[in-house]
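Biologist: Could you take me through the terms used for this model, setting each value against its definition?

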Amino acid sequence: MTFLALILALALEQLRPISSRNPAYLAFIRMANNLERSLDAGEFRNGVYGWLLAMIPPLAVSLIVYFVLAHHSQPLAVAWTVAVLYFTMGFRQFSHAFSGISRALQAGETDVARLLLADWTGQHTSEMSEDEISRVAIEQGLVDSFRYVFGTVFWFVVLCWFAGPAGAVLYRTSSLLAQKWGAFDNPNAFGRFARWVQDLLDYIPVRLTAVSFAIMGDFQDAVDCWSAQARTWADYTSGILLAAGAGAIGIKLGDVLHQDHTVKFRPELGLGDAANPDYLASAVGLIWRSVLLWLALILLISVAHWVS
């Protein structure tokens, strides 16, 4: 059931991609904002209460509906699992923007690429060159591939044997709360628990994702860059992904950006050529190959579980 649900959810999402601004996401974000306004008194414990109040309803719904359906009909339970994965695992939520930027740059429409990148990342892009746009797009694509696909799939697979799709709900909602309340560049007491939980949930899957990038790309360079460069990045989790991904592709990420009428200095990650529009397709290819590797491993695990 695990493998079948993943394949069906991926196929459905490719045929009819769902926006990151869909009603379910927006409703959850509104609830998170209301909880923050109501509970944020500058204390760590308030963040714990807020996290629990935000997490319990979607987890309870996913579990209750799954077990009720599974009790009456296994196909209905599979359909519910596919629906939950469809809303929580969004490959096209980042690949659509990525593809649009790539097409714009290949056509020489740099201003269009800047607008697409700004809408996707929320960064100021009006002063970025083509190479800077390419670098930031690849960085965002690698990080989003983990948030929307690899991290979600990992926790779905780990918990699916006894909790149905609850693992996917746990990871995506936790990720949204960490983004809203516990951003690494905006630490506060209220969001510290959300950040801690997200770091805990990321610990194993981010390393497995980096290993996947290494296996499906240049293994030695990916491992070398990961071990030597990841900790130089402000967010260590993102640093692991970016260093391993850059090494696997054979490009340089990070480095300077022209933003807000100044130069923003960032650590250099990876090695080889400077990232340019030609490498956008290489980044997408690395992510897709890694997704296929994970699916193959999940199929083997599912077959072994069924046989046993």
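The exchange below turns to one loop and then to the largest cavity.

Modeller: This is a predicted model, in which local features need pLDDT of at least 70, side-chain atom pairs count only at pLDDT 80 or more, and totals for chains, interfaces and linings use all residues. Residues are numbered from 1 along each chain as its sequence is written, and side-chain values use heavy atoms, with hydrogens and water left out.

Biologist: Why is D260 called partly exposed?

Modeller: Buried means under 20% relative accessible area and exposed over 50%, with partly exposed in between (1.4 Å probe, protein chains only); D260 has 47% relative accessibility and therefore counts as partly exposed. D260 sits in the loop between β2 (257-259) and β3 (262-264), strands being DSSP runs of E with at least two residues, and its phi is near 55°, a positive value in a residue other than glycine.

Biologist: What makes H261 count as exposed?

Modeller: H261 has 78% relative accessibility, so it counts as exposed. H261 also lies in the loop between β2 and β3, and has a positive phi of about 60° although it is not a glycine.

Biologist: Which residues line the largest cavity?

Modeller: The lining consists of L6, L10, M89, V149, F150, V153, V291, W294 and L295. Two or more residues each come from α1 (2-15), α7 (130-163) and α12 (280-307), helices being DSSP runs of H or I with at least four residues.

Biologist: How do the lining residues of the largest cavity divide into nonpolar, polar and charged?

Modeller: The lining has 9 nonpolar residues, no polar and no charged, where Ala, Val, Leu, Ile, Met, Phe, Trp, Tyr, Cys and Pro count as nonpolar, Asp, Glu, Lys and Arg as charged, and the others, Gly among them, as polar.

Definitions and conventions:
1 Å grid on protein atoms, 1.4 Å probe; cavity = no way out; pocket = protein on both sides within 12 Å on 5 of 7 lines; lining within 4 Å.
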